[in-house]
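Please open the structure in your viewer and keep the selection tool at hand. This tour goes from stop to stop, saying at each one what to select and what can be found there.

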Protein chains: 4
Amino acid sequence: MLKVGLLGAGRIAGVHATAITSNPGSTLAAVSDFYPENAQKLADQYGSTARTTEEIIADDSIDAVLVATSTDTHSDLIEAATAAGKAVLCEKPVDLSLERARACREAAAKTGKPVMIGFNRRFDPNFSAMQAALTAGEIGKPELLSITSFDPAPPPVAYIKVSGGLFRDMMIHDFDMANFMMGEAPVSITATGSSIVDAEIGQAGDVDTAVVTMTYADGRICVIKNSRRAVYGYDQRVELLGSDGLLQAQNMLENTVVKSTTAGVTGAKPTYFFLERYMPSYAAEWGAFVDAVNGGGALPVTLDDGITALAMAEAATRSAQTGQPVRLEDV
Amino acid sequence: MLKVGLLGAGRIAGVHATAITSNPGSTLAAVSDFYPENAQKLADQYGSTARTTEEIIADDSIDAVLVATSTDTHSDLIEAATAAGKAVLCEKPVDLSLERARACREAAAKTGKPVMIGFNRRFDPNFSAMQAALTAGEIGKPELLSITSFDPAPPPVAYIKVSGGLFRDMMIHDFDMANFMMGEAPVSITATGSSIVDAEIGQAGDVDTAVVTMTYADGRICVIKNSRRAVYGYDQRVELLGSDGLLQAQNMLENTVVKSTTAGVTGAKPTYFFLERYMPSYAAEWGAFVDAVNGGGALPVTLDDGITALAMAEAATRSAQTGQPVRLEDV
Amino acid sequence: MLKVGLLGAGRIAGVHATAITSNPGSTLAAVSDFYPENAQKLADQYGSTARTTEEIIADDSIDAVLVATSTDTHSDLIEAATAAGKAVLCEKPVDLSLERARACREAAAKTGKPVMIGFNRRFDPNFSAMQAALTAGEIGKPELLSITSFDPAPPPVAYIKVSGGLFRDMMIHDFDMANFMMGEAPVSITATGSSIVDAEIGQAGDVDTAVVTMTYADGRICVIKNSRRAVYGYDQRVELLGSDGLLQAQNMLENTVVKSTTAGVTGAKPTYFFLERYMPSYAAEWGAFVDAVNGGGALPVTLDDGITALAMAEAATRSAQTGQPVRLEDV
Amino acid sequence: MLKVGLLGAGRIAGVHATAITSNPGSTLAAVSDFYPENAQKLADQYGSTARTTEEIIADDSIDAVLVATSTDTHSDLIEAATAAGKAVLCEKPVDLSLERARACREAAAKTGKPVMIGFNRRFDPNFSAMQAALTAGEIGKPELLSITSFDPAPPPVAYIKVSGGLFRDMMIHDFDMANFMMGEAPVSITATGSSIVDAEIGQAGDVDTAVVTMTYADGRICVIKNSRRAVYGYDQRVELLGSDGLLQAQNMLENTVVKSTTAGVTGAKPTYFFLERYMPSYAAEWGAFVDAVNGGGALPVTLDDGITALAMAEAATRSAQTGQPVRLEDV
């Protein structure tokens, strides 16, 4: 039974609290938050205890921490928790700085403690079933991967300005998805971007619509499409053409109701945003972490995976600025 | 904050425990079970306390009980809990005996405490969205309702023998669904049954495949199809033709992955059985109960609804035996 | 090369003219019509010759006739054409009178000439693929057949009055479809009808909404749903549950365009009515007739099939009037 | 009534013959072919006359010619037929040489006779409905267009060598589709290609898998994906994200039958190749030509459209070779 400290008591922490409580292999030993009253409230609801982050990390009876705090604290908390002998599941991204993330990796590696990065999309029932079918050889050799990833609405421009840009903030998920499906990182990345959704985003130095083409050593190709705005909901699709067929992971819909009238045949929209769409993935992600830590097996997503995705975002950012292909090894 | 006693600690009780814990308006105060060690285990996992059923009912600090015990205890526990001043959410069916269920209704009514019957399918996101669209007038006046409800595999014949028969054991859900969609009970019921799936089921005096046609006072018609075996999974579909269009609630699938090969285009099967399919409905059902009890509003499903569905099952059983239509008022 | 006389030059005859011309095994030798100028116009368009019906039947160089005239002439033309030694493909129904149709069968049988009835839905690419999969054993033993067949809009009440009623005029197609899928006629038929779409249809002594349940000697069950009005288009679906799975033939849509907006995900409506939906089936039907006649093989649909469907319509009409099941052998 | 000469009597000419005959505004006056016996056979089937190409072009009673001969004869026949005062519908491509095509345009323009290029995909019911919805403003302002176009199997390498390469031979259709949807040509084209399907194709100097990204003056982006091999059939999809929603034109399937078994839910494959998929588009294309010529209206696709697509193929070919973006104005 894994005793878990939950660092952070915000909205996503609530999702994790349900996952920790419902999993028969883990219990929610303690919760902390920058605002102690939030920690207290969450602890009450789930029959747990509110403590400070420092107390949780110092408590030897706690086996693992789940880091669900703001991005700028991730590297520090990973380092502190692993140094204290704990297993860590940290929300993505590792860091906005590739350099800081690489330093964190070095520090954590010295402790020998397992660190998993929360690329929860790998645990989405659709994407994981697709990857399993691919691995089972059901479409033969992969050749051409396409990832469509549109958010329902752009964030405020104020957020855009500190986000690190579309490639680091949004497409980083898709870079990890490409690595998950292709089984390795690409050789070369070419990015095209535009601020056609909102000119203010362009004035802030970012793009809101982008297409990235990536090539692999053996000739495979991947294309990723991003838009900050799909008014019909969160559009999250992956398709992969192989020598023996095509695999597609399609959108989850809000419900299965279909209405046929003189206006056409209308079904529900895709689930609105990441909390709705990826809710089941958080429980599966937590289950995989618990199984790996309790069973001593390998983690399904590592700190390395987080750093590779960050490097790809860096390469895409440069390519969009220069119009030239960028080799990943040059980042 | 509703303090809840959970009576029963079996598989479905675990589902309810997650719903009670995750709902910010309720807490899991205590758990009981025929086997105390099961109650203890569930209590530990969810940060609650194991007690006896009697203690829970006698504890005035507990506001409500969720009855998730075996069917033969339902009427007694509803009567005891309401007599002790508690609100009750009881798993379906009320009882296998229409007479006993009617007596329970009388006893509970005297206490004035709210009793909700767990027809959880009304809270399925698909069926509830369909009913909302219907109520909003999106397909005009309803005319012809069709319910398809197939189980993945028949239960053991030993179970069939004590089940009360297909109409009381399985189609009772569909009778309630018809009432939910049509907004009233039918006038007349005609049933046709067959034991084509398994001859042993026929030898046990039951059917495994059945079609029921029901007519309403204003000329509307409803047809329900049941089979004990659909090897591809749990087939749960409802469609309703109205003057301005058609509404369909289709199956939930295990995932959205589609594979195209020389053999065709293959998607996932429907979710396997009721726990997979109706998992989200249990949380929504609980939320509706908490809102009604905390807010003093009307319950969305009542003890009356449970008894009407039981009477329809009785009518269908008689019709299948005689080949004649049976009027609901004659049951 | 089959030389063909086309009797009738109306809308459906134009469809047949394209089928006859495009089929490399047949040529359009002559066209006749009650209105000679219509025959002339069609002949000009397809590079053929306009003649009288009598001339076509008397012309020994013509091998086959396609009867696309009004229903009341069918029996007479089948008798005359077979007596003149021609193969016949006659549009459905054989006749509105079961007695007259049986007499026609007797007369035609004496000539030994092949007569095919145009139940074109058997040649619809969807229904024929479904039947082929069934015959190939892909879902094991059939158990429960469901046919949904809704017209887009009711015909004028004046037509209803002379139509023979919904069961003979509309559901007759579905009776033949049931025979096509089940491979034999049912034992017993129970019908329920209502005039909920249009009270005037009820006043004219007919129904506009009906559900028919049919049972088979071995316990199989079939349910047919008809409505005279589905405002979203022509709804033509068949599904069959078998011991190893489910087969469904779904609607053809006007196109494959899907639009996702804040209002939902909307696709095209089903093709509007029989000409749009069943256009491909006419060419396939003609091809099957040409192949059978040229090759000396058995016809895929016979005069007998037309008469069986008519008898089922008779039984359903009686059942809807009495509320009692009717055995087909009693008709 | 348009009197039409059909030049060519091969497989696609048969499709056109049915379109010409079935259209009430045109008749098939004559057919020619390099092999006179083929012309004779087609003429017999459709009640027409076999003649030489020269005779047809010289016959003043013939109003229009449909050019369905081999590509290397297109420019010559367009010039000859327009010089003889005829309207022309010519199969794509105009020519493999951009220079020759431009010369042909100049010659034809001097005659003032209408020349339409057979980009039949514009008349596909799906793509034309999608473009109509776009033009009607149903998804607001277009932002990101994606075209997926996979052939079922690569042609022989011998064909590849003389084809002009994937961009001119295959993607040219998609370039025209992009122009049809976007309403203008792009500014810049970046192409990535690979010979991952068949190394021999790479040795022949061509690619079999390619992704092309195109940018427009106002910031819109288009991405086209091509593969020479999709073993499940002809994959022809277009989707366009706009400010108010998404439009998708999905694949046509062989039929609508769906089979649910323990192995999953399987539907039919996409129609196998262009003849199956685009059959309805040929009739619609012909109808548009007849309407424009008979009514004196503007042609929906012009010789200019053919030349623009050819120039885009040229730009993509260069980009794939250099790895650099190519501006269309530089071709």
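A polar contact is a pair of N or O atoms within 3.5 Å, and within protein one of the two must be able to donate a hydrogen and the other to accept it. Keep in mind throughout that this is a predicted model.

**Stop 1: an arginine in a loop**

Select C:R229, which you will find in the loop of chain C between β9 (221–227) and β10 (235–242). Is C:R229 buried or exposed? Its relative accessible area is 17%, and since buried means under 20%, C:R229 is therefore counted as buried. Now add B:E143 to the selection, and you will see that the side chain of C:R229 makes a polar contact with the side chain of B:E143, at 2.5 Å. To show the surroundings, select the residues that C:R229 touches, leaving aside those up to four places away in sequence: from chain B these are B:E143, B:L241 and B:S243, and from chain C they are C:D151, C:P152, C:A153, C:P154 and C:V197.

**Stop 2: chains B and C together**

Next, colour chain B and chain C separately. A turn of 180 degrees, with a shift of 0.0 Å along the axis, lays chain B on chain C with an RMSD of 0.0 Å. The two copies are thus related as by a two-fold rotation axis. To find where chain B comes closest to this rotation axis, select B:Q324, whose C-alpha lies 3.5 Å from it. Of the interface residues of chain B, 100% are also interface residues in chain C, so the copies meet through the same surface.

**Stop 3: chains B and D together**

Keep chain B on screen and bring in chain D. Here too a rotation of 180 degrees superposes chain B on chain D, with 0.0 Å of shift along its axis and an RMSD of 0.0 Å. Which residue of chain B has the C-alpha nearest the axis? Select B:T266, whose C-alpha is 2.0 Å from the axis. For this pair, 100% of the interface residues of chain B are also interface residues in chain D, so the copies meet through the same surface.

**Stop 4: two helices in chain B**

Now select residues 125–135 of chain B, which form helix α6, and residues 171–182 of chain B, which form helix α9; the two pack at an angle of about 30 degrees, with their axes 9 Å apart. Because angles under 35 degrees count as roughly parallel, α6(B) and α9(B) are therefore roughly parallel to each other. Show the side chains where they meet: B:F127, B:S128, B:M130, B:Q131 and B:L134 in α6(B) are in contact with B:M177, B:F180 and B:M181 in α9(B). Sorted by class, this contact has six nonpolar residues, two polar residues and no charged ones.

**Stop 5: cis peptide bonds**

Finally, select B:K92 and B:P93, where the peptide bond from the lysine to the proline is cis, with omega near -5 degrees. B:P93 sits in the loop between β4 (87–91) and α5 (98–111) of chain B. Then move to chain A and select A:K92 and A:P93, which are also joined by a cis peptide bond, with omega about -5 degrees. The place of A:P93 is in the loop of chain A between β4 (87–91) and α5 (98–111).

Note on methods: Residues are numbered from 1 along each chain as its sequence is written. Chains are lettered from A and ligands numbered from 1 in the order in which they are written. This is a predicted model: local features need pLDDT of at least 70, side-chain atom pairs count only at pLDDT 80 or more; totals for chains, interfaces and linings use all residues. Side-chain values use heavy atoms; hydrogens and water are left out. Axes are lines fitted to C-alpha atoms, for helices over the stretch in contact, and angles run from 0 to 180 degrees between N-to-C directions. Helices (H or I, at least four residues) and strands (E, at least two) are DSSP runs, numbered from the N terminus. Angles under 35 degrees count as roughly parallel, over 145 as roughly antiparallel, 65 to 115 as roughly perpendicular and the rest as oblique. Contact means heavy atoms within 4.5 Å. Ala, Val, Leu, Ile, Met, Phe, Trp, Tyr, Cys and Pro count as nonpolar, Asp, Glu, Lys and Arg as charged, and the others, Gly among them, as polar. Buried means under 20% relative accessible area, exposed over 50%, partly exposed in between (1.4 Å probe, protein chains only). Copies are superposed by least squares on the C-alpha atoms of residues with pLDDT of at least 70 in both.
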